[in-house]
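Thanks for making time for this at the group meeting. Let me put the sequence and the structure up before I say anything about them.

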Amino acid sequence: MKNIKYIALLFLSVLCFSCEEVVDVDLKTAPPRLVIDASIDWVKGTDGTTQKIKLTTTTGYFQNVIPVVSNATVFVTNSSNTVFTFTETPGTGEYICSDFQAVIGETYVLTVVHNGQTYTATEKMTAVPDITRTEQNNEGGFSNDEIEVKFFYNDNGQEDNFYLSKFETSRLPYPDYDVLDDKFFQGNEMFGLFTHEDFKPGDQLKISLLGISERYYNYMYILIGIAEGAGGGPFQTTPANVRGNIVNQTDKNNYALGYFRVSERTELIYTIQ
Amino acid sequence: MGFQTSEEKISLQQNLRKNISLESSTQNLEEIVITERKNIANIKKPEMSVNKLTIQEIKKMPAVMGETDILKSILQLPGVTNAGEGASGFNVRGGAADQNLILLDEALLYNSSHLFGFFSVFNSDAIKDLKLYKGGIPSRFGGRVSSVLDIYQKEGNSNEFHMNGGIGVISSRLLAEGPLEKGKGSFLVAGRSSYAHLFLKLTDNKNSAYFYDLNTKLSYKLNENNSLFLSGYFGRDVFDIGDQFNNVYGNAVLNLRWNHLYSEKLFSNLSMIYSDYYYGLKLDVAGLNWDSGIKNYNIKYDFKHYISDRYKMTYGLNAVYYDFNPGTVSPTGASSGINREQLDKKYALEPALYVDAEHEITDKLSINYGFRYSMFYRMGQQDMNIYANNEAVTFNPELQIYEKGKPIGTEHFGSGKTIASFDNLEPRLAVSYQLDDNQSIKASYNRMSQYIHLVSNTASPTPLDVWAPSDNFIKPQLLDQVALGYFHNDDYTLETEIYYKKVKNRIDYIDGADLIANKAIEQVILNGRSRSYGLEVLLRKNSGKLNGWISYTLSRSEQQTPGRTALETGINNGKWYSTGYDKTHNLAVTASYKLTEKWSFGSTFALQSGQPVTFPNGQYEYGGVIVPSYGARNEDRLPAYHHLDVSATYIPKPDKKKGWQGEWVFSIYNLYNRMNSASMTFRQNEDTGRNEAVRLSIFGFIPSVTYNFKF
């Protein structure tokens, strides 16, 4: 539904006398802030033992390199206090664990210690339904000439569910995310879709579907909006930093960005027909 | 006078009775020149912060794509801005767009723009004049805190049948008027429609966007003391994008008025008004149909009482019944996975009574004083959520963020049962003191309350925003405004004012609030406050070949939502921040020049500070995407906004006063093709993945031509 505002804006740019132009803007840069990208995904059909957490910082908006954070202490514990240690591949900011135990419904706690500050976050592993089928429509998009891929899954009518879908293709330099809840679909078949104007038969599209918590749904809902472009104009909401579930136990005001997510994930690779 | 002189010599020698029949004569008068002193600042009356525009003045201004626009014309007045080019609505003295009471022949309009803000819903042919009250608002008005835009439709010609119209690039207009039972009544019907979509169809473009509206006014004089009026308006916008997205919205209003003179000193007006705003959306991609709207029924009984030359009273009663439909969701077809759902309808009643006195105390000193007593009853039938500690929004002290509260139960209110009620006494006061024949100073104070709110967290409202009535969580907005002014009248008139206003209970939204189809708006809303202050200068030249005005406003408009307790951060860390329509400097120049009877020229120029925006102060990577990071709200500004528009009007046969009369209007919007920023977007380039800032400009250089006719 959030897309309606983008549609409105898109519509204006298509039909009216508007024009878009890339311009130079002087921007201020705030002091660097820790960013924790801790996405524990248990891909269906795997044992889920190998997991990765990435630590970086914020940097100036037009900088080309994202600074990584090395030499931090990173571990996750489960409800029976088993500790899963994440060890850095030196100099990369990537912390790897190879003995993780993934259990649906289990509550995990993340701890990161860096520069004398201790950050923690708690999340429960959420299950995801299977992708039941896919559909391709060659008359999709606004101009009815784009290739559109739809995938379907069945919502669990017994509870309120939240989903994250991720699409990866070589046609886009970054993944495309979408969140959905079952507000209007309780217990029904639901779908996600992706279109790209440059799709050609033979292109591959990786589709992932994750079961997520309501808090993460809210987080990603805002984050996707910010990443797609914000910054003023009549149909824009005031952008703000989106806060995840990570708490700085040493100094609450010196917060970290990012999120600690623990999800079951189903994925498939679709080849454009 | 009027008869030929008759001369006859009589010798009076006896009684004589003689009838002299005088022959009537044709008067050969010199042309009477009535010197029009329009728009002269009112020196004597306490009325201040009011701007009047007649349709003739508005039509002299150049218009974008040739379509005369009433809302664009008021942007040329001091204290009036909007949230950027193409934004819908307008902002008065730093107030929000939903704080304007927009009345068309007394009927409430909820949406004043066509095509997302490119055109106003008012067909200029059917409009007589408008009055914008920015402060010192008389007590007969209430329900919105910032301003009143009081627009009157033209009455039809009661002697002869006439038609007029215009053919433009974007839209065309046609109006018919004439007598109903000659001398007793009249009718006026006007229609307007855009037709750019027809060209799109020709080019095999499946997208379509158009609007149309219909105005009507009937008046009938029953006898010397009684008249009846019927006013109507119906307008719709229609969008169709690739058969996937279909969107229809608009207003409809109907007003039946009865004017009655009880005596030479007591006038009355009884109005029964129906207003309706509808918003419908069909989204084939999601298989979703969406309908929402607001209906209201309004009854008003107003009296004007001339007690003496120096003492006049107005008083009356008013009650509005609201029926809100926040949304009906339904599937588009059998294959859609959408479940049908009706979001709780909301009902409310807003009665009010008012008294106003206009009192000329001495020749120099006049006072207006009065009050409005307004009440608001939010009524069932509805289930209302109950929250722990009555907090629908909770604060997470660990993460220092606001989150949606979880209802702990619901309470059922039956049909007509009061869920919440409010009442407010709104005093109004205005004083004028005349320094001499040409100068006066004036001061005013007014308190206003507003019980219904547009739930919108964008800088300018969008048509799909819904209105919400006050309840236990959304408190009525309360405004206090003071203004002080100096007025000077001569060949030039000068009106200067300073004002300060503050609004209690201005709603604000927690970060990332999702307002669309939200069943529990209270979970994302906090009550804050707003304030604004400024200086306005309006200098007009009213006579001669060159007419026009210069208006300048220096102002500030801010809002703040502090934490409810010492532990909470509040929104934007509880700090004051600029509203999305705060413009420090706002200069507007409007000029018209009559060269000959055939040719006249018009021009408008605007120069404004760029609107406040929030630019990123950094970036980070999450999940493989680049995310801009932000600091405090609205701390940056778009580049300054300016543009110049010009128009020329050519009347081929200016002497022709009967039969077909035509005129050509040539206009150029944005003469020097200034690329004003409507928005600045920060995003990753779709091909390279690199970060970029993208400026969106809406209107470049746009020439247009319109042909107007009447007969």
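I will go through the two chains, then the sheet they share, and then a hairpin and two individual residues.

Please keep in mind throughout that this is a predicted model.

I'll begin with chain B, whose secondary structure comes to 3 helices and 45 strands. Its radius of gyration is 28 Å, close to the 27 Å that the globule rule gives for 711 residues, so chain B is as compact as a globular protein of that length. Along the principal axes, the C-alpha atoms of chain B fill a box of roughly 120 × 55 × 55 Å. Of its 711 residues, 57% count as buried, and the area that chain B exposes is about 30,300 Å², with carbon and sulfur atoms supplying 55% of it. If we take the contacts in chain B with a separation of 6 or more, 65% of them are accounted for by residues 24 or more positions apart.

Turning to chain A, we have 2 helices and 16 strands, and buried residues make up 53% of its 273 residues. Chain A exposes about 11,800 Å², of which carbon and sulfur atoms supply 46%. For the contacts in chain A with a separation of 6 or more, the share that comes from residues 24 or more positions apart is 64%.

Now, where do the chains come together in a sheet? There is an open sheet formed by 3 strands, in the order β1(A)-β44(B)-β43(B), and the pairing is antiparallel. At its edges lie β1 of chain A, residues 19-23, and β43 of chain B, residues 679-684, each of which pairs on one side only. On average, and ignoring direction, neighbouring strands of this sheet are turned by 35° against each other. If you look at the pairing across the chains, β1(A) is joined by 5 bridges to β44 of chain B, residues 691-697, and within that pairing A:Glu20 has B:Leu696 as its bridge partner.

Staying with strands, I would also like to show a hairpin in chain B, where β23, residues 393-396, and β24, residues 401-404, pair in the antiparallel sense over 4 bridges. B:Asn396 has B:Ile401 in β24(B) as its bridge partner, and the hairpin has 4 residues between the strands, with B:Gln400 taking a positive phi near 60°.

The remaining part concerns two residues, beginning with B:Asp480, which sits in strand β30 of chain B, residues 477-489. Why does B:Asp480 count as buried? Its relative accessible area is 15%, and buried means under 20%, so B:Asp480 falls in that class. The side chain of B:Asp480 makes a polar contact of 3.0 Å with the side chain of B:Arg447. Leaving aside residues up to four places away in sequence, B:Asp480 touches B:Tyr445, B:Asn446, B:Arg447, B:Tyr500, B:Lys501 and B:Lys502.

The other residue is A:Ser213, found in the loop of chain A between β14, residues 204-212, and α2, residues 214-228. A:Ser213 is buried as well, with a relative accessible area of 18%, and a polar contact of 2.7 Å joins its side chain to that of A:Glu123. With residues up to four places away in sequence again left out, A:Ser213 touches A:Glu123, A:Thr126, A:Phe162 and A:Tyr259.

That is where I will stop, and I am happy to go back to any of these places on the screen.

Definitions and conventions: Residues are numbered from 1 along each chain as its sequence is written. Chains are lettered from A and ligands numbered from 1 in the order in which they are written. This is a predicted model: local features need pLDDT of at least 70, side-chain atom pairs count only at pLDDT 80 or more; totals for chains, interfaces and linings use all residues. Side-chain values use heavy atoms; hydrogens and water are left out. Buried means under 20% relative accessible area, exposed over 50%, partly exposed in between (1.4 Å probe, protein chains only). A polar contact is a pair of N or O atoms within 3.5 Å; within protein, one must be able to donate a hydrogen and the other to accept it, and residues adjacent in sequence count only if both atoms are side-chain atoms. Contact means heavy atoms within 4.5 Å. Two strands pair if DSSP finds at least two bridges between them. Axes are lines fitted to C-alpha atoms, for helices over the stretch in contact, and angles run from 0 to 180 degrees between N-to-C directions. The radius of gyration is taken over C-alpha atoms; the globule rule is 2.2 Å times the number of residues to the power 0.38. Accessible areas come from the Shrake-Rupley method with a 1.4 Å probe; for residues, only the protein chains shown count as cover.
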